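Visitor: I'm new to reading protein models. Could you walk me through this one?
Guide: Sure, let's take a look together.

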Amino acid sequence: MQKCLCLGFLFLFLMSNMEAQNVQKNFTISGYIKDSATGEELIYANVYQKDLDLGSTSNIYGFYSLTLPEGTYQIDFSYLGYQLSSKTVNLTRDLELNVELASDAQQLQEVVVSDKKEDQSVDEVGMSRMDIPLEEIKKLPALFGEPDLVKSIQTMPGVASAGEGTSTFYVRGGGADQNLILMDEAPIYDVSHLFGLFSVFNSDIIKSAELYKGGVPAKYGGRLSSLLEVTTKDGSAKQFRASGGMSTLLGKLALEVPVVNDKASLLLAGRRSYFDLFMALSEDDEGDRISFYDVNLKFNYKPTNKDRIFLSAYSGRDIWNFGDDFSMDWGNTTTSFRWNHLFNDKLFSNLTLIYSDFDYKLEDKTDVEGFIWDANQKEFSLKEDISYFVHPRLTLHMGYQGIYRIFEPGTITPNDPSSIFKKTTLQSQYALDHGVYLGTDHQLSDRLALQYGLRLSYFQNIGKGTIFEYSDPRDNVNVEIIDSTNYGRFENIKTFLNLEPRFSARYKINAEQSIKFSYQRMVQYIHLLSNSTVPIPFNTWAPSSPYLNPQLADQVSIGYFRNFSNNTYEFSLEAYYKKAKDITEFADNAEIFFNKNIATEYRQGDMESYGLELFLRKTKGRLKGQASYTWSKAEVNIPTVNRDRTFPANHDRRHNFNLLMTYQLSNRWEFGGSFNYSTGRPITLPTGKYEFDGYILDYFAPRNSYRLPDFHRMDISFTHNSKKNDTRRFKVTKVFGIYNVYNRKNPFTIYTRVKQDDEGNIIGNGQEKEARLIYMFGILPYASINFSF
């Protein structure tokens with residue numbers, strides 16, 4: 001099958017080149033499309049020549065390229081929420097044309113500035129891709145009044161939440177660790193603040209956000225289920241700008257500073273919670289403090305018309321102190337350096353250097369049992385992406401990425417001479433991760449368009465390290481080591497090689513409707529070591545190795561897309577089927593905490609998921625919003641786990657419905673509302689008890705054979721804006737809302753305990769147990785105020 005795919009790609013490529021060679025005296029017009037007020041590049045802006053019915057779109061760096069026969073043309077440049085700009089060009093040679101578009105003040109009263117064209121859902125080749133409407137997010141109800149990108153993603157079709165108040169999300173039956181999350185091309189390993197009440201993404205500085213649930217381009221790899229690509233603003237290179245605000249639990253400020261007019265700018269943004277300040281004012285203050293902060297910095301510089309340089313950095317941290325007894329903190333640090341270079345009007349390059357670090361620390365401050373536990377995961381990456389615009393109907397994408405990974409699962413250090421602990425370090429692990437790809441955007445006709453490509457991934461588990469050989473690798477009770485092998489620095493321990501084909505097709509029935517198909521193979525070489533239902537920041541990762549195979553998934557999707565009423569309504573219906581193998585789980589009753597022989601706890605097997613997704617969005621008028629419904633099923637079968645019986649995945653949800661809406665009440669007031677419903681997630685509960693060696697132990701039902709009660713919640717908000725025709729730069733927005741309007745006690749989890757009365761006294765002989773429900777939030781009013789100038 002892989003040979004046939006390779007031959008097919010080669011045939012299409014050769015045919016496309018023959019087609020291009022038959023066109024004589026072609027010239028290319030290329031350049032950047034920017035916002036006239038800020039100098040910010042506009043991504044996915046449209047370039048169109050009406051007479052030839054040929055066009056192009058700018059890429060995520062604002063660059064476009066359009067090849068036309070020699071002649072004089074009128075070229076239209078457009079972007080939703082901006083005024084159309086028409087340029088007349090006499091094309092007798094290759095031409096560089098940079099275009100600035102002005103925002104349309106009149107249009108902005110009716111539509112939201114967006115990075116997509118009106119008929120994009122029907123016209124684009126890719127499917128299972130969602131543009132997150134960032135401006136609409138700010139008008140919707142939000143927990144504690146802080147708009148959150150991840151919380152909005154959790155309302156998309158095919159996406160499920162881990163539970164109320166969490167930033168964890170699952171896509172089409174995949175695990176939370178199977179989502180590749182990038183911010184300015186740097187991976188983020190944990191997106192949560194305050195255990196998920198907020199995410200690491202500051203909504204005030206996000207330029208664009210795209211979620212791929214399928215049809216992932218060959219450019220990307222490393223995860224099985226999804227890609228979330230977040231790009232932050234570059235910052236205004238023309239005038240100083242500032243924005244900020246205060247909500248129930250945090251304050252924020254963002255500054256955009258022109259460094260060199262129209263050539264260089266600096267963006268600096270920060271957020272900090274002040275929950276710890278409230279705790280300090282409490283009459284019952286015992287020294288407990290909980291807080292988080294994050295800082296974003298971005299510098300961009302245009303030394304020439306052919307070069308763009310970007311430097312992006314992020315640092316975020318959560319800090320929890322429980323008096324003088326215990327503390328914990330965790331966070332992400334990333335840096336990415338990008339150099340965009342235009343070799344000629346058809347060849348575009350993006351070179352990226354990336355650093356990413358996720359670490360956490362736990363500290364017990366007591367004298368006898370005191371310790372400090374540190375762990376982290378680091379990666380250093382080099383990436384080169386090249387786009388070659390062959391002609392208007394064919395674009396090639398190719399590139400390479402190399403990653404050096406360091407896994408440091410933990411070091412325990414006594415923090416007092418009298419501590420019972422001795423310094424202990426779990427063995428660090430190392431890996432080299434390579435990927436090379438070739439992808440194609442190919443417009444075969446006005447109706448039929450394809451995206452196809454192939455990614456070759458090569459993973460090396462390398463030294464320095466020691467690999468133990470066990471008499472029985474699956475015996476996690478009586479562990480017996482029979483041999484060991486020492487490997488030197490950068491010496492190969494185990495290597496893996498995989499081909500990952502990608503294919504997408506779109507057939508336009510007419511201008512308002514299309515059908516699409518996609519197939520993708522994804523391979524994941526790193527594994528999250530966790531047996532908890534909801535991922536927590538103190539989980540660690542491990543590379544594929546002699547005891548861990550790479551995870552591999554094949555997914556097929558098909559969909560129908562239809563726009564109505566002059567693109568006012570967007571409708572889509574998608575069905576998918578995903579089959580994955582070597583999904584990582586752990587043995588029943590596994591011991592993961594600081595286990596030097598954790599390889600004996602690994603179990604791998606198969607996962608199958610499938611579902612149906614319906615989506616309807618209204619984009620124009622006083623009433624805007626979206627509704628989505630997902631029916632899905634995800635099941636796992638792991639040999640030796642759950643007695644070899646198939647069981648529902650932890651994140652399996654049969655039904656998921658979300659309704660979001662905003663309504664323009666007046667020139668200054670807007671109403672926002674949301675309703676969410678989902679089937680309760682699976683759980684495992686004890687169903688009986690038995691006696692063993694004088695102890696009374698629980699007998700558990702089969703894994704995930706019970707479910708929590710269904711989840712549902714309604715939220716509302718009212719937004720007060722500055723006057724639309726106010727010419728002053730300083731603008732204020734106030735938001736008032738109610739979270740969980742009808743005070744639904746949605747279960748976060750259920751646990752069992754010895755039966756007690758209301759005062760905590762044990763009832764009877766202490767052998768009778770009861771189930772207790774934990775929920776996060778009841779009804780919660782909130783307010784926030786935001787400003788910009």
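**Where two domains meet**

Guide: Between domain 2 and domain 3, about 8,300 Å² of area is buried, and carbon and sulfur atoms give 55% of that. Keep in mind that this is a predicted model: local features need pLDDT of at least 70 and side-chain atom pairs count only at pLDDT 80 or more, while totals for chains, interfaces and linings use all residues. Residues are numbered from 1 along each chain as its sequence is written, and side-chain values use heavy atoms, with hydrogens and water left out.

Visitor: How do I read a buried area?
Guide: The size of an interface is often given as the accessible area lost when the parts come together. Here that is the area (1.4 Å probe) that two parts lose on being put together, summed over both. In domain 2, Glu164, Arg172 and Tyr189 lose the most area to domain 3, together 11% of what that side buries.

Visitor: Where does each domain lie along the protein?
Guide: Domain bounds come from an automatic or database domain assignment. You get domain 1 (2-117), domain 2 (129-228) and domain 3 (229-788). Contact (heavy atoms within 4.5 Å) between domain 2 and domain 3 takes 79 residues from domain 2 and 115 residues from domain 3.

Visitor: How many salt bridges are there between domain 2 and domain 3?
Guide: For a salt bridge, look for a side-chain nitrogen of Lys or Arg within 4 Å of a carboxyl oxygen of Asp or Glu. The count between these two domains is 11, and the whole structure holds 37. Away from that count, try Asp123 and Lys508, whose side chains meet in a salt bridge at 3.2 Å, N to O. That pair links distant parts of the chain, 385 residues apart: Asp123 sits in helix H3 (residues 120-123) and Lys508 in strand S32 (residues 492-510).

Visitor: And what are those H and S labels?
Guide: They're DSSP runs numbered from the N terminus: helices (H or I) have at least four residues, strands (E) at least two. Two strands pair if DSSP finds at least two bridges between them. Five strands here make an open sheet with mixed pairing, in the order S9-S16-S17-S12-S13. S9 (129-131) and S13 (186-187) are at the edges with a single partner strand each, so one side of each has no neighbour in the sheet.

Visitor: Which residue of S16 is the bridge partner of Asp131?
Guide: Glu210 is. Three bridges join S9 to S16 (residues 206-212), and the two strands run antiparallel.
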